[in-house]
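Got your viewer open and a selection box ready? Here is a short tour, one stop at a time, of what to pick and what you will find there.

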Amino acid sequence: MIAPPRRHDAAEPKADLSAYGLWQEAAEIRREWLAYGLSTRPADRRTAEHHLTRIYARILRPRPRFLWVDSPEQAMPLVTGLPTLDALYARIRDPRQRGTPPLASDLAMVTAKLRGTLSSGVAHTDPELSPVRRGKNKEPWPELPPLKALDAGVPLGVVLHQGVRVGLHRSLAHGFRIPVRTTLAGRGPVPACWYGQQDAAWIAYYDTLHRLGLASYGPDELDQLGDWAALARSCGWWWPGEDVCVVVDRPELVLTEPVPGAWHDEVRLRRGGVRYRDGWHPLLA
């Protein structure tokens, strides 16, 4: 579920003090989502399967058979034949390709549409859709420590995007899933997947704006966002197929370290900092 919004009028301009207060609330929400992204609790399989079934239904697919595995490595023999990212991008570039689009292609399009619709509900210009620039020369706003950024006149919407969306992406994508996936790809192409708990960056961003009263989403969009939020809180990576969905349990060990010079609590895996429940330890080298 997605938490209800704060009782702010998102259309009203916020006083400087309110901007600082909203940022502090946003930072707490970001920490909450970072904890989900790094959680080592066993997966909540019932919740994950329920919301995956709902996501399948949105792309007109029946409930799949779920295969649970203990690590991404263990998933590889089970997802042979699913499309890679390169194959999905090729279909986007040439939609006239023959054959029925793979399920992953339909899922990617529905998810992109959801994110665009959520952005359209943001009260300010959403940097996720259009970079917010300053002055006659349209220079990008600098990235500064959040309180200094507000002091310098950087719009709150830009600070929230930098501090929540970008900050969590650095931690959970660059700091976690990319190095793990790179290790996995050393053995051959990895089919396109979704990342469960490490998909939290975009989910947290739209959740934060909603909870702060800075965005208004329709019932259907809230319902869809709730499905993705539930997945981020309940499971690891997952590979959707037409008949079978392979889902990875969360790791049993995650050790992180702060990213030097970062301003938004960014972290990264330490060497050997992740171990999965089958003993796979991808970053030992």
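The stops below go from pocket to cavity to salt bridges, and the thing on your screen is a predicted model.

**Stop 1: the largest pocket**

Begin with the open space. The largest pocket holds about 620 Å³. To centre your view on it, select Leu85, Ala108, Arg115, Cys193 and Trp194, which are the closest to the pocket's centre among its 26 lining residues. Next, colour H4, helix H5 (103-120), helix H7 (156-185) and helix H8 (200-211), since these are the elements that each give two or more residues to that lining. Which of them gives the most? That would be H7, with seven residues. If you colour the lining by residue class, expect 17 nonpolar, four polar and five charged residues.

**Stop 2: Leu85 and its patch**

Keep Leu85 selected. You will find this residue in helix H4, which covers residues 85-93. Is Leu85 buried or exposed? Neither, quite: its relative accessible area is 37%, so Leu85 counts as partly exposed. Now add Tyr89 and Ile92 to the selection and switch on a surface. Together with Leu85 they make a nonpolar surface patch, and the accessible area of the three comes to about 310 Å². So Leu85 does double duty on this tour, as part of that patch and as one of the residues closest to the pocket centre.

**Stop 3: the closed cavity**

Time to go inside. Rolling a probe the size of a water molecule over the atoms shows where empty space is left. How many cavities of 30 Å³ or more are there? Just one, with about 50 Å³ of space in it. Select Ile55, Arg58, Leu107, Val110, Thr111, Gln224, Asp227 and Trp228 to see what lines that cavity. The elements giving two or more residues to this lining are helix H2 (45-58), H5 and helix H9 (219-232). By class, the cavity lining splits into four nonpolar, two polar and two charged residues.

**Stop 4: two long-range neighbours**

From the cavity wall, hold on to Asp227 and add Ala48, a residue of helix H2. These two are 179 residues apart in sequence, yet their C-alpha atoms are 9.0 Å apart in space. Ala48 has a relative accessible area of 0%, so this residue counts as buried.

For another pair of this kind, select Pro72 and Gly236. Here the sequence separation is 164 residues and the C-alpha to C-alpha distance is 8.9 Å. Pro72 sits in helix H3, residues 72-75, and is buried, again with a relative accessible area of 0%.

**Stop 5: salt bridges**

Side chains of opposite charge can pair when their charged atoms come close. Over the whole structure, a search turns up 22 salt bridges. Show sticks for these pairs:

- Asp265 and Arg31: the closest N and O atoms are 3.1 Å apart. Asp265 is in the loop between strand S6 (253-258) and strand S7 (267-275), while Arg31 is in helix H1 (residues 16-37), so this bridge ties together parts 234 residues apart in sequence. Asp265 is partly exposed at 38% relative accessibility, and Arg31 is partly exposed too, at 35%.
- Arg211 and Glu32: the closest N and O atoms are 3.1 Å apart. Because Arg211 lies in helix H8 and Glu32 in helix H1, the pair ties together parts that are 179 residues apart in sequence. Arg211 counts as buried at 12% relative accessibility, whereas Glu32 is partly exposed at 27%.
- Arg61 and Asp106: the N to O distance is 3.0 Å. Arg61 is in the loop between H2 and strand S1 (65-69) and Asp106 is in helix H5, with their positions 45 residues apart in the chain. At 14% relative accessibility, Arg61 is buried, because the cut-off for that label is under 20%.

**Last stop: a charged network**

Finish by selecting Arg54, Arg58, Asp220, Asp223 and Asp227. Salt bridges with shared partners join these five into one network. Arg58 and Asp227 should already look familiar, as both are among the residues lining the largest cavity.

Technical notes
Residues are numbered from 1 along each chain as its sequence is written. This is a predicted model: local features need pLDDT of at least 70, side-chain atom pairs count only at pLDDT 80 or more; totals for chains, interfaces and linings use all residues. Side-chain values use heavy atoms; hydrogens and water are left out. Patches are made of residues with over 30% relative accessible area and no salt bridge: like charges are joined within 9 Å, nonpolar side chains (Val, Leu, Ile, Met, Phe, Trp, Tyr) within 5 Å. Accessible areas come from the Shrake-Rupley method with a 1.4 Å probe; for residues, only the protein chains shown count as cover. A salt bridge is a side-chain nitrogen of Lys or Arg within 4 Å of a carboxyl oxygen of Asp or Glu. Helices (H or I, at least four residues) and strands (E, at least two) are DSSP runs, numbered from the N terminus. Buried means under 20% relative accessible area, exposed over 50%, partly exposed in between (1.4 Å probe, protein chains only). On a 1 Å grid over the protein atoms alone, a cavity is a set of points where a 1.4 Å probe fits but cannot get out, and a pocket is an open set with protein on both sides within 12 Å along at least five of seven lines; lining residues have an atom within 4 Å of a point. Grid points are joined across faces, edges and corners, and a volume is the space filled by probe spheres set on the points. Ala, Val, Leu, Ile, Met, Phe, Trp, Tyr, Cys and Pro count as nonpolar, Asp, Glu, Lys and Arg as charged, and the others, Gly among them, as polar.
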